[in-house]
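Colleague: Got a minute to go through this model with me? I have a few quick things to ask.
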Amino acid sequence: MPKSQNLLVDIVKRYERYLKLQRNYSSNTLEAYRHDLETLLDYLDEQQMSPLEVKLEDLESFAASLHEHGISAKSQARILSGVRSFYRFLELDGYLEVDPTELLESPHLPKHLPEYLTTEEVDELEVSIDLTTNEGHRNRAIIEVFFSCGLRVSELTNLKLSDLFLDERFIRVFGKGKKERLVPISDRAIHELEFWFDDRRHWDIKPGEEDFVFLNRRGHHLTRTMILIMIKKQGEAAGIHKIISPHTLRHSFATALLRGGADLRVIQALLGHADIGTTEIYTHLDNESLRQEILMYHPRNMNSH
């Protein structure tokens, strides 16, 4: 193996170790970053270039090649994000003095405004739950915790009893990269959890699963798929004509806060967003709903209906 090839293998190993140990990425995220890097390295191999010689224009040609291969704008943006991560590492670790991706632009993505539920629709969702079933109180508690705390589905499935500080009215959440944050919990969510805990005492809990808040009927902690199916089914039962998921309830939490006058930085902290830009989508969302209300209720528009 040529010396330059040996160096590249060593760099890739170091990069993967950095993502795993310093960035605390999950195995799925690691796999995505590995795929992004392989896409770049395959391209550079065809061009007979080393990643250490790359200039901005080479990366722009790489980005153009993604477009030519019919890769969607969203996938292009994700691959380029992985490429930026790799070059940030090379600069950080002293392989490069300047990061060539600093001025690399991603394709323009249309603003996708996420679906959300009103508070009344969340109430309808909860009312539609049959509390005579074994999972009734559990399902209502799940929906209320999503709406009251704005959790990601993975954060809810991994929520532990030892993360609940209900007397102090907050919960501890481990988000992306195992980052810890404290989130206030509403009296309504605590109330629903207490009903669930009364039922939970009678469930046969498997060894090692005792600390998980939400369990399935076999005594194991819930998976994201189980929660997704439950919420979709409940939406149909409530007669809500929107495509809803756990993420919809997270969006609903953020939108309710913004409409109530909460500061965007507060919403960012509660959602566990690393970048305020991710949170800013809610301003677009709220502006759109305000626009619709003006069109519907402003006296200058009333005659057109």
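Colleague: Where does Arg 169 sit?
Modeller: Arg 169 is in the loop between β1 and β2; strands here are DSSP runs (E, at least two residues) and helices are runs of H or I, at least four residues, numbered from the N terminus. This is a predicted model, in which local features need pLDDT of at least 70, side-chain atom pairs count only at pLDDT 80 or more, and totals for chains, interfaces and linings use all residues. Residues are numbered from 1 along each chain as its sequence is written, and side-chain values use heavy atoms, with hydrogens and water left out.

Colleague: What's the phi of Arg 169?
Modeller: Near 65°, a positive value in a residue other than glycine. Most residues other than glycine have a negative phi.

Colleague: And which other loop residue has a positive phi of about 55°?
Modeller: Asn 24, which is not a glycine either. Asn 24 lies between α1 (3-22) and α2 (27-46).

Colleague: Back to the strands. What order do they take in the sheet?
Modeller: The order is β1-β2-β3, in an open sheet with antiparallel pairing. Two strands pair if DSSP finds at least two bridges between them. The edge strands, β1 (164-165) and β3 (180-184), each pair on one side only.

Colleague: How many bridges between β2 and β3?
Modeller: Five, with β2 covering residues 170-174. Phe 170 stands opposite Pro 184 in β3.

Colleague: New topic: where is Ser 81?
Modeller: In helix α4, residues 73-92. The C-alpha of Ser 81 is 8.8 Å from that of Tyr 33, with their positions 48 residues apart in sequence.
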